[in-house]
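Q: I am new to this structure and would like to learn how to read its features one by one. Could you take me through them with care?

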Amino acid sequence: MTHALPEQKLLQLSEFVAEHLALHFPRDRWGDLERNITAAAAESGYSEVEHFMQRIMFSPMTHEHVDILTTHLTVNETYFWREPETFEALEQSVLPRLIQSRQERKRIRIWSAGCSTGEEPYSIAIALQRAIPKIKDWSITVLATDINPRILHRAAAGLFGPWSFRNSPPWLKAQYVLPKEKDVFEIIPEIKRMVQFEYLNLADDVFPSSLNDTDAMDIIFCRNVLMYFSEKRSSQVVRGLSNSLTHGGYLVVSASELSLPCLSDFAAANFPGMVLFQKTSEPPNVQQQIPAGAPVRTPGGHPGQSRPVHTIEETEPRRRENEILSEAELPLPMKPTVDTIPALHAPGHDAQVTRMLQHDAHTSEEQMFFIRAYANEGKIDRALQSCEKALAADKLNPGLHYLYATMLQENNQLEEAITSLKRAIFLDSNFVLSYYSLGKIYERLGNASSAKKCTDNVLTILSTCSQNEILFASEGLTAGRFKEMIIGADQTRDPA
Ligand SMILES: C[S@@+](CC[C@H](N)C(=O)[O-])C[C@H]1O[C@@H](n2cnc3c(N)ncnc32)[C@H](O)[C@@H]1O
């Protein structure tokens, strides 16, 4: 195929979008790439597409560039109750078990990564609403993220045309949306309130992190997203998603992504008509054939490489034989040092890490790492206790006070979290993340003037940082990216 743009330029552009947006445009899709970049250039007011490419590729990526590029380069196709088998598995098996095991804590966290215009996270919220009898007594998180700020804005508005309901069961439209005007339907307020929309680029944002609320997830939907990434990039992203899941948590992909090689560290759990991927303590190592009569879609999908598959009925009895070891049964790894800690970020290590904490004395830095691992496993009480112990030994450590405040927030102890954040700021007056968290709490408490003061402080401190400076206690977030996150979040809010 011939292209108007030189091949060399298309190669450069495809490498650029692969690196910054994770989008994979192999040579046979360069025609699409060329068409889309030409449209993006026209929208940005460039008559010469090459000038536009020069501008985006050779100067720092701005929020505006991400907006225009993602609008033209990504596929946003989505609708309510997409792949109904997945929602049936959720409603009939996954949620009832989760609800049962959380009767005491009453906390469930679900993330829709690559949520597009919102039909997926709103469907998840509807499933939760149907499954949990007294949902007001529960702390529910439905985090919905996407790289495209424009569609996030639409998603947050909660307005949909008839096409969004093309495959949904009739009760969904009857009970969960209200007609707004001709051919426009609005999601009901109870469901709308349950979903929190945020900008997040799976290619280069940090997760899991309490900063963007991507830790300790029970279920992550990442459907029809990984299929647009290169194999290498989807492996990186799936590693991060795995770290964001609690043990036993599920990663949900679409039927057309079940055979992606990057999913091989998960155990495949077979539900009627669908396979979900479960995070286990150890990479699955028992080879088991798909049971006769099981649904035809095969996880893994590579001939001769069958992966452990259990039907939902089999999950409990087979668990010991298959994959999930209790914490006490896990082998105890070597005592970590600051140098070896990063290696423990690999998927499935949280349980081992938290166990190490009980066995050895550690520096504050190591303890903070362990405390985060507790939190990632959803063990907030233990994280809090460990934080208190660490603080007793190291009272002047602003990072520990900040971490303690994060755990207190998770536990809904907002006044105590405010006190801890103020201590952290007293110890380090440039502690930008402490100001940010404090502002978020004031916002939750309806104290708009204090929230604004905190945001002003955040922006003032950020203006003194270089773009690439890694922020203290942020687990890798740069000042430039953080600034974009704050501005992006502001633009995402539904003005209504
Ligand atoms: C086809 S839609 C999938 C929507 C929904 N998950 C579903 O299955 O119905 C793909 C979404 O992934 C988003 N996306 C693409 N690259 C992304 C990235 N690097 N980070 C976050 N989201 C991304 C796109 O903006 C788009 O909204």
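A: What follows is a short dialogue on strands, a ligand shell and one buried residue.

A: This is a predicted model, in which local features need pLDDT of at least 70 and side-chain atom pairs count only at pLDDT 80 or more, while totals for chains, interfaces and linings use all residues. Residues are numbered from 1 along each chain as its sequence is written.

Q: How many residues of strand β1 are buried?

A: A residue is buried if 20 or more other C-beta atoms, placed from the backbone, lie within 10 Å of its own, exposed if 12 or fewer, and partly exposed in between. Strands (E, at least two residues) and helices (H or I, at least four) are DSSP runs, numbered from the N terminus. Strand β1, residues 107-113, is mostly covered, with 6 of its 7 residues buried.

Q: Which strands pair with β1, and in which sense, parallel or antiparallel?

A: Two strands pair if DSSP finds at least two bridges between them. Strand β2 (residues 139-146) runs parallel to β1 and is joined to it by 7 bridges, with Ser-112 standing opposite Ala-144 of β2. Strand β7 (residues 217-221) also pairs with β1 in the parallel sense, over 3 bridges, and there Ile-110 has Ile-219 as its bridge partner.

Q: What is the handedness of the unit made by β1, helix α6 and β2?

A: A crossover is right-handed if, with the strands pointing away from the viewer, the path from the first strand over the helix to the second runs clockwise. Here β1, helix α6 (residues 119-131) and β2 make a right-handed β-α-β unit.

Q: In what order do the strands of the open sheet lie?

A: The order is β3-β5-β4, 3 strands with antiparallel pairing. Because β3 (159-160) and β4 (177-181) stand at the edges with a single partner strand each, one side of each is left without a neighbour in the sheet. Between β3 and β5 (residues 184-187) there are 2 bridges, and Phe-160 stands opposite Phe-185 in β5.

Q: Where does the ligand lie with respect to domain 1 and domain 2?

A: Domain bounds come from an automatic or database domain assignment. Domain 1 (7-73) and domain 2 (84-322) both give residues to the shell around the ligand, so the ligand lies between them. Of the 25 residues around the ligand, those that come nearest are Thr-78, Gly-114, Ser-116, Ile-147 and Leu-202, where being near means having a C-beta atom, placed from the backbone, within 6 Å.

Q: Is Arg-481 buried or exposed?

A: Arg-481, which lies in helix α19 (residues 479-492), is buried, because 21 other C-beta atoms lie within 10 Å.
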